[in-house]
Amino acid sequence: MEKGFELSFDFVEKWGRFAKPEYFRIYIYILSQYKKDKTTYTAEELAKILDIKEDRVESALEYWAMEGFIALSKSGYVFTEEKSGEERDTSAPRVIAGARPSYTHTEIDRAAAKNNEISYLFRQAEKLMGKLLSSNDMEVLYSFVDWLGLPVEVIIMIISYAHANNKHSMRYIEKVAMDWADREINTYEKAEAYIKELEAVASKSRKICNILGIHDRALSTTEKKYIKIWTEEKDIPLDLIPIAYDKTMMKTGGKMGWAYMNKILCSWYDEGIRTQEELEAATEQYKAKNAENTQKTAKKGANKFTNYEDTNKIDYEKYAEQVLSDMLDE
């Protein structure tokens, strides 16, 4: 059995300052027991051993699970890597679990004093949002760095993107940050490419609205659903939108039928039609094939009728002779 274990300087430097003392204490204890003989405990057992309330132990375990050092299980927890006391590789994808952790003013101030980028983030956020940050704003923004693992430059791009779309609430910014972290958009280059992609989709959506005569009003849930299919899931070419719209209006008597129009566009897309020329060519091909099938059907029908006449044709001469013979018999 080993007599001790090591913690990296980086681990102590970060978590010794930023983790809650109680959380740090719990982690050091469970790590020591694991390093000693692979022993793990339930939250209830730890609460008794360390004389800490069980709900506080559970919160601590959830905290370290969110940071990636342990994984929660039915029996308590398991360590996610053998070198559990060393600083986790921040370049690895983050697993976002549970609710956003809370931070004290002291923790955030210490982080800002240690890392100039945190202070820079707060200053830039105030400029972009046009207001002084509240304590809650700072806590949320700091969580993007500490909890989501996003670089400061990416967070600033998120705020800029939200501001450009007239979205100023911190709740919206947090929602976008969580989405980007989940998509692993964690570099300036990835963020720039993703924003361009989003702007292209938004531009296409606006053009579709103009084609359909939707102006100066918000889209309904149904409209958003179908436009999302055409812009994101199927990437329907804009040239086909007015054609499908005209066909829909003719079929529905001038009333917009979103489901019908969607069926038209998706069928064209699934058939590989991407341009108006391809649609016209496919239409002509369909007409020619339909005409050929109609001709074959007509010919087949005629042959049947002819055969029917041949096999069931009345022999009038024979019939007349039979009538005459019947008359003579009488």
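Author: Before we start, a salt bridge here is a side-chain nitrogen of Lys or Arg within 4 Å of a carboxyl oxygen of Asp or Glu. The model is predicted, and local features need pLDDT of at least 70, side-chain atom pairs count only at pLDDT 80 or more, while totals for chains, interfaces and linings use all residues. Residues are numbered from 1 along each chain as its sequence is written, and side-chain values use heavy atoms, with hydrogens and water left out.

Reader: Okay, how many salt bridges does a search of the whole structure find?

Author: The search finds 10 salt bridges. One of them joins the side chains of Lys204 and Asp235, at 2.8 Å from N to O.

Reader: And where in the chain do Lys204 and Asp235 sit?

Author: Lys204 belongs to helix 10, whereas Asp235 is in the loop between helix 11 and helix 12 (240-252), so that the pair links distant parts of the chain, 31 residues apart; helices are DSSP runs of H or I with at least four residues, strands are runs of E with at least two, and both are numbered from the N terminus.

Reader: Is Lys204 buried or exposed?

Author: Lys204 is buried, with a relative accessible area of 12%, and its partner Asp235 is partly exposed at 45%. Buried means under 20% relative accessible area, exposed means over 50%, and partly exposed lies in between, with a 1.4 Å probe and protein chains only.

Reader: What about Lys234, which side chain does that one meet?

Author: Lys234 meets Asp270 in a salt bridge of 3.0 Å, N to O. This pair also links distant parts of the chain, with Lys234 in the loop between helix 11 and helix 12 and Asp270 in helix 13 (residues 258-270), 36 residues apart. Asp270 counts as exposed, at 55% relative accessibility.

Reader: Changing topic, how many disulfides are there?

Author: The count comes to zero disulfides, where a disulfide is a pair of cysteine sulfur atoms within 2.5 Å. As for individual cysteines, Cys209 is buried at 11% relative accessible area, and Cys266 is buried at 13%.

Reader: Last thing, which residues have a positive phi although they are not glycine?

Author: Among them are Asp51, with a phi of about 55°, and Asp216, also with a phi of about 55°. Asp51 lies in the loop between helix 3 (43-50) and helix 4 (54-66) and is exposed at 72% relative accessibility, while Asp216 lies in the loop between helix 10 (188-211) and helix 11 (221-233) and is exposed at 84%.
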